[in-house]
Amino acid sequence: MKAYQQGWTLRRRVAALLGVVVVLLLGLAGAEAAVAAQNRQNIDAVLLKTGPLRVQAQELMSVLLDQETSVRGYAVNGDRSDLEPYREGVQREQSLVTSIRDLSADYPDVRRSLDVVEQQTAQWRAQVAEPVITTVDRDGAAAGQALITDATRQQFDGIRTSVNTLQEEILTVRQETADRVNETSNTLVVLLIIAALVVTTAGVVMLVSLDRILIRPLADLVGQVREVADGDYRHRIEGSGPPEFRRLADDIDQMRMKIARELDEVREARERIEWVNSQLQKQAEELTRSNRDLEQFAYVASHDLQEPLRKVASFCQLLQRRYAGQLDERADQYIAFAVDGAQRMQRLINDLLAFSRIGRLTTGFTEVDLNKVMGDVAGQTEAALQYADADLTWGEMPTIRGEEPLLTNLLVNLVSNSVKFRRPDVPPKVHVSARLVDGEWEISCRDNGIGIEPEFADKIFVIFQRLHSKDAYPGTGIGLAIVKKIVEYHGGRVWVDTDADEGTTIRFTLPALEADIEAAKAAEAAADGDAADGDAADGAEPAEAPVAEGTETDPAGAGRQPDGEAREEPPAEADRHGTNGGMKETVA
């Protein structure tokens, strides 16, 4: 930190340079303001004083000439109208003298010349003009003309000379003022040039200083950082220039060392991960080979075991038919055990073969209408439904992409299980429904059977896993395993709803078509708009609850919500409606 404190910081250097420039510019600005004020005063003197003085001096000369001409004309003609210019000239002369005296307050020479003109004019009027006018009025024009002599003319010429002197003084003052205007203007230009030079010099100094204390150290730092960024993480970053840059370089170097350490750790971890991945890949290849071998074994075993099992079962049945009652009771029992074991082995092998074929023998995905599939399911399970006096109902079912035979097998297994695991003395009721949830169709198969304990909810989907003895409920225990494999093959999942109040509810999901998702969104938006319109009518109580637009009611009583999702009904309610997608499936 002490090393950073040595020398001026970048901010201090820039502030000092700017301070000097600002002081110089402020001094120049003050001088320019003073010179500009003086220049303005001189210009005002030229325009508002000396100019009007010159004009009024000329007008004064004209007025005096008019007075002298008027007096001489009156002396010649004796006409009183010839004196009118004289009277007006006297008044105008007084006004001009007053104005010239006011404007020449700052010019004593002009005022002295004006005083001379004023004195000579007063003497001329007292000694010449007024006596001539009086004489003409009393003795006539001839007497008045006798008073106008060369002496009187010379006296008026003196007045003219004094007025010319006054004009020369005014011109002299005007020229002096104009010269001062030029001097202040030139001074102002010089000050502006000096200010421009100061700004230019300050800019050059600033550029040179910034290049030396900012750009070069920064460029050097950037070059070192780029070397590190290009992969040379061992390159030490050293700073130069102001303390801020040296501190920044140290911080970047600390970050470089941290990144280098982390990269070493990442490199080691990557090597370990690559080794683990290689081991996992080997295990995956081994598992793939093992699964393929197991699948091939199951397929081959199921085929190869069929023939000897059929032979064993056939001969055991022949023994049973031909020697039944001819041997003792224990022999008949042994033969019955052999026949039952052979038949059960055949069922297990057939189920294992069917399980191994799921996903291996495929016909390709197509759009499948589950309403039609449910009709096929009702036909295939008709015998079991009639035997158990069961009711099978379903709501409006969607159309999805999948393999129709597998989906039919899936629903047949679920319906058959619902009928099989029924309660004694309670007519079985099975209801299948569907609803759209988060872009998937959630399909439920609900019954009123014996139900499943929550701790066995996952165990029932394991192949050949049974919760009851074969004497209580027949079967091989592979049905729900086939269900799970078919659902997962179609990209869904299956589970047992442990919150069901009665019986068993098995739910599974299947991906929905894009058109169904868009229709659900549009219906939801329309429902939100209707709800907003309903909120606007505050306080209004409708006499009858309206049906929301887009709501459908299917024959099974599963109402369609505005977003296209179907409500589920328990088997008892579905039976109360008494339909299964448009037709009654009553078996008695």
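Start by selecting S162 in this predicted model and look at what surrounds it: setting aside neighbours within four places in sequence, S162 is in contact with V116, V117 and Q120. Zoom out a little and you'll see that S162 belongs to helix 6, which runs over residues 150-229. Is S162 buried or exposed? Its relative accessible area is 9%, so S162 counts as buried.

Next, pick helix 2, residues 10-77, and find I43 there. Add L47 and L48 to your selection: together with I43 they make a nonpolar surface patch of about 290 Å². I43 can take part because a patch residue needs over 30% relative accessible area, and I43 has 31%, which makes it partly exposed.

Now for some charge. Jump to helix 7, residues 243-323, where E265 sits. Which residues gather with E265 in a patch of negative charge on the surface? Select E262, E268, E271 and E274 along with E265 and you have the patch. Click on E265 once more: with a relative accessible area of 52%, E265 is exposed, since the cut-off for that word is over 50%.

Last stop: helix 12, residues 479-489. Colour its buried residues, which are G479, L480, A481, I482, V483, I486 and V487. Then step past the end of the helix to G491, which follows helix 12 and has a positive phi, near 85 degrees.

If you'd like to look back, put S162, which is buried, beside E265, which is exposed, and I43, which is partly exposed.

Methods:
Residues numbered from 1 in each chain as written. Predicted model: local features only at pLDDT ≥ 70, side-chain atom pairs only at ≥ 80, totals over all residues. Heavy atoms only, no water. Patch = residues over 30% accessible without salt bridge, like charges linked within 9 Å, V, L, I, M, F, W, Y side chains within 5 Å. Areas by Shrake-Rupley, 256 points an atom, 1.4 Å probe, with all protein chains shown as cover. Salt bridge = Lys/Arg side-chain N within 4 Å of Asp/Glu carboxyl O. Helix = DSSP H or I, 4+ residues; strand = E, 2+ residues; numbered from the N terminus. Buried < 20%, exposed > 50% of the residue type's maximum accessible area, 1.4 Å probe, protein only. Lys, Arg positive; Asp, Glu negative; His and termini not counted. Charge placed at Lys NZ, Arg CZ, Asp CG, Glu CD. Contact = heavy atoms within 4.5 Å.
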